[in-house]
Structure formats: C-alpha cells, structure tokens
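User: Hi! I am new to reading protein structures. Could you take me through this one feature by feature?

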Amino acid sequence: MNRNPGPIPLPRTKGCYVLVLWLGEPQQVEVGKLGKLAFQAGYYLYVGSAFGAGGIAGRLKHHLNPQKRHWHVDWLRSMAKLQEVWYREAKWSGECQWATELSKLPHLTRPYPGFGASDCRCSSHLFYCPSAAALSVVRAEMRGTMHSIPLANREHGCK
C-alpha cells in the first residue's frame with residue numbers, strides 16, 4: 001500500500017480538521033506512550049487543530065509523512081488508509097468543540113481515553129465508527145459545518 005501520497009488541495013489557513021481513517025482488518029498498533037492498542041476494523045475519526053506555520057495543509061503534510069510519528073494519530077495513520085479530510089477554518093482552536101459535537105452522535109464511540117487529548121480536558125479526540133453506513137450518517141450530521149475532501153480511490157498527499 002502506498003503510504004507516501006500525492007497532492008491534496010488543502011487551505012493554508014488555520015483551523016481544525018478530522019482525519020477519517022479506514023482500517024480494513026483488526027490491528028495491534030504501538031501508540032507512543034499509550035502503548036500497544038488493539039484496533040477493530042472500521043473507521044476512525046481523529047480531531048486535531050492546525051494553528052502553526054502552513055495551517056491545515058502544513059499539519060496534514062506532517063500526518064501523511066510515514067516517517068514522522070509525533071502525535072498519537074500518526075501511529076494509527078501508519079496502519080490505516082486515509083479516506084477523507086474534514087476541516088473548518090478558524091481563528092481559535094475549535095478541536096475540543098468539534099470533539100464534543102462528535103461525542104453526541106450515536107454511531108460513534110471513543111475507543112481509547114486520552115488518545116489525541118493529552119493537552120486538554122477531553123476524554124479523547126479519536127472516535128470509532130463501525131461501518132460505511134454509520135459514517136454516512138455522521139457525515140450528514142456534520143454537513144454544513146465543515147468542508148470535506150474525499151480521498152478514497154485516488155493518490156493523495158498535501159500541497
């Protein structure tokens with residue numbers, strides 16, 4: 001599987017994002033200080049923010065580089081396939097707000113406490129979604145509050 005993707009047209013503005021990852025089969029993944037975690041097959045939604053140089057495009061460039069593993073999601077990303085990127089342009093960090101919105105949806109669960117949330121009070125910034133049908137419902141709930149870039153079935157990366 002190609003882990004070094006080609007260009008994705010992402011804004012260089014600041015904001016927050018959701019990586020929609022697909023794991024085709026159960027995997028054991030070593031996730032930094034969280035240790036070895038067992039991930040079920042299905043979709044994983046990771047909420048992050050990008051307020052540094054390069055904005056959303058800069059942060060995604062990091063996440064898509066298989067050689068760099070800094071944040072929790074980078075470990076999962078090395079085993080999963082990126083399906084979509086959702087993003088919201090913002091002047092302040094809204095990732096916790098977005099995580100709260102997602103936590104209220106019945107099709108999502110938070111599989112690992114602390115995942116992606118070591119610098120805030122959220123229980124987790126990672127959500128598990130068991131099926132494509134459930135993901136469609138989640139996407140419909142979020143419609144109108146975000147931009148979406150579908151990536152399945154094409155080469156991708158950031159530019």
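**Reading the model step by step**

Analyst: Gladly! Let us begin with a pocket: strand E4 (42-50), helix H1 (55-63) and helix H2 (72-77) each give at least two residues to the lining of the largest pocket. This is a predicted model, where local features need pLDDT of at least 70 and side-chain atom pairs count only at pLDDT 80 or more, while totals for chains, interfaces and linings use all residues. Residues are numbered from 1 along each chain as its sequence is written, and side-chain values use heavy atoms, with hydrogens and water left out.

User: What do labels such as helix and strand stand for, and how many of each does the protein have?

Analyst: Helices (H or I, at least four residues) and strands (E, at least two) are DSSP runs, numbered from the N terminus. Here the protein has four helices and seven strands. Starting at the N terminus, their order is β-β-β-β-α-α-β-α-β-α-β.

User: Back to the largest pocket: how much space lies in it?

Analyst: On a 1 Å grid over the protein atoms alone, a pocket is an open set of points where a 1.4 Å probe fits, with protein on both sides within 12 Å along at least five of seven lines; lining residues have an atom within 4 Å of a point. Grid points are joined across faces, edges and corners, and a volume is the space filled by probe spheres set on the points. In this model the largest pocket holds about 310 Å³. It is lined by 17 residues, and those closest to its centre are Tyr46, Trp71, Gly116, Ser118 and Asp119. E4 supplies the largest share of the lining, three residues.

User: Which residues of H1 are buried?

Analyst: Buried means under 20% relative accessible area, exposed over 50%, and partly exposed in between (1.4 Å probe, protein chains only). In H1, the buried residues are Gly55, Ile56, Ala57, Leu60, His62 and His63. They pack against strand E1 (15-23), E4, H2 and E5. Across the protein, 47% of the 159 residues are buried.

User: What does Tyr43 touch?

Analyst: Contact means heavy atoms within 4.5 Å. Tyr43 lies in strand E4 and is buried, at 13% relative accessible area. Leaving out residues up to four places away in sequence, Tyr43 touches ten neighbours you can look for: Val20, Leu21, Trp22, Gln83, Phe127, Tyr128, Cys129, Ser131, Ala132 and Leu135. Take Gln83: it is 40 residues from Tyr43 in sequence, yet their C-alpha atoms are 9.0 Å apart in space. For the protein, 74% of the contacts with a separation of 6 or more join residues 24 or more positions apart.

User: And how many salt bridges are there?

Analyst: Side chains of opposite charge can pair when their charged atoms come close. The rule asks for a side-chain nitrogen of Lys or Arg within 4 Å of a carboxyl oxygen of Asp or Glu, and the count here is two. In one of them Arg139 pairs with Glu84, with 2.5 Å between the closest N and O atoms. Arg139 sits in helix H4 (residues 132-142) and Glu84 in strand E5 (residues 81-89), so this pair ties together parts 55 residues apart in sequence. Arg139 is partly exposed at 24% relative accessibility, whereas Glu84 is buried at 6%.

User: Which side chains meet in the other one?

Analyst: Glu101 and Arg88, at 2.7 Å from N to O. Glu101 belongs to helix H3 (residues 95-103) and Arg88 to strand E5, 13 residues apart. Glu101 is partly exposed, at 23% relative accessibility, and Arg88 is buried, at 12%.
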